[in-house]
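Q: I would like to learn how to read burial, polar contacts and a ligand site from a model. Please give the general idea each time, then the case at hand.

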Amino acid sequence: MKIGIIGSGVVGQTLGAKLVERGEDVVLGTRSPGSMDDKRGFGQSLDDWLKTAGSKARVGTFADAAAHGEVVINATSGTVSLEALRLAGEQNLRGKILIDVSNPLDFSKGMPPTLTVCNTDSTGEQIQRAFPAAKVVKTLNTTNVQVMVDPASVAGGDHDLFVSGNDPEAKARVTELLRQWFGWRTVIDLGDITTSRGVEMLLPVWLRLWGALGSPLFNFKIAR
Ligand SMILES: NC(=O)c1ccc[n+]([C@@H]2O[C@H](COP(=O)([O-])OP(=O)(O)OC[C@H]3O[C@@H](n4cnc5c(N)ncnc54)[C@H](OP(=O)(O)O)[C@@H]3O)[C@@H](O)[C@H]2O)c1
C-alpha cells in the first residue's frame, strides 16, 4: 500500500520504518528534504533514517508524501498540524483516509506541556473542519511511539487503542490496518471526530503516568 507520512520526527520515522519493514510503499514528508543530515527532534537525521528504514524508503516534501499516499498519516505536532497539512495540499488529501496521531502539546513553558486546544475542540476536529473532503481518523495518540508499532512489547499486547472519526468505513479500515501493520488487538470506536477531545485530553494523564512509572512503555487498558 502507498502511504504518505506528514512529519519527519521520531513518530514519522518510527511508523515509516515499521511500514517499510512490512513491505509498504512509504514516502516520509518534511519541509526540508534538502537537509538530510540535520537531526530531527527526538528522531535521527533523514540520512540515518534512510539507512535504518532500508532501500525502499523515500523522503519528499509534505506535498510529495500526501500525493503519494493512498492513506496519509499526520505525524506533526498538533500545534502546527494545520500549517503542515496546508503545505501537504488539500487536493492531495481529498477523499483519502488521514490518520491523525498528533497531540496539541505546547512545551514552550517547560514540563509538563499544556494543551493548546481542549474541552470544546481538538486538533482532530480542527483538521477535519479545515479538510472536509479528507476522512480524518484520530488514533495512536494515546500511546508512546515504540508501543504504537509494537503493542506486544507491553503486557503481551493486552491493552487498548481508540479511534475517533466521522466516517465509519474509514474507522473500520484503519482498525484493520492497525491490526495488520502493528498487531493491535483491541481498538475501541469512540464515535465521531468530536471524541478526539477526550483522547487528546488523556495526554496530561499519560504524561503524569510517564513520570510516575519512570518509563513510557505502558498503555491504557479499559476493564469491563
Ligand atoms: N513521541 C511519541 O511517543 C508520541 C506518541 C503519541 C503521539 N505523538 C504525537 O506525534 C506527533 C509527532 O511527534 P514527533 O515528536 O515525531 O514530531 P514533532 O516534533 O511534534 O513534529 C515534527 C514535524 O513537525 C513539522 N513542523 C514543525 N514546525 C512546523 C511548522 N511551523 N509548520 C509545518 N510543519 C512544522 C516538522 O517539519 P520538518 O520535517 O520540516 O522539520 C516535522 O515534520 C506529535 O503531535 C506528538 O504529540 C507522539
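Q: Is glutamine 128 to be read as buried or exposed?
A: Buried means under 20% relative accessible area, exposed over 50%, and partly exposed in between, with a 1.4 Å probe and protein chains only. Glutamine 128 has 10% relative accessibility, so it counts as buried. This is a predicted model, in which local features need pLDDT of at least 70 and side-chain atom pairs pLDDT 80 or more, while totals for chains, interfaces and linings use all residues. Residues are numbered from 1 along each chain as its sequence is written, and side-chain values use heavy atoms, leaving out hydrogens and water.

Q: Where is glutamine 128 found?
A: Helices (H or I, at least four residues) and strands (E, at least two) are DSSP runs, numbered from the N terminus. Glutamine 128 belongs to helix α6, residues 123-130.

Q: Which backbone atoms lie at the side chain of glutamine 128?
A: A polar contact is a pair of N or O atoms within 3.5 Å; within protein, one must be able to donate a hydrogen and the other to accept it, and residues adjacent in sequence count only if both atoms are side-chain atoms. The side chain of glutamine 128 reaches the backbone oxygen of phenylalanine 131 at 3.2 Å. A polar atom of that side chain also lies 3.1 Å from the backbone nitrogen of valine 136.

Q: What can be said of glutamate 200?
A: Glutamate 200 is buried, at a relative accessible area of 1%. Its place is in helix α9, residues 196-200. Its side chain is joined to that of lysine 138 by a polar contact of 2.6 Å.

Q: And how does aspartate 106 count?
A: Aspartate 106 is partly exposed, at 22% relative accessibility. It is found in strand β6, residues 105-106.

Q: Which ligand contacts involve oxygen?
A: A ligand oxygen is 2.9 Å from a polar backbone atom of arginine 31. Another pair has a ligand oxygen 3.3 Å from a polar backbone atom of serine 77. For arginine 40, an N or O atom of the side chain is 3.5 Å from a ligand oxygen.

Q: How much of the ligand does the protein bury?
A: Accessible areas come from the Shrake-Rupley method with a 1.4 Å probe; for residues, only the protein chains shown count as cover. Taken alone the ligand exposes 910 Å², and the protein buries 78% of that.
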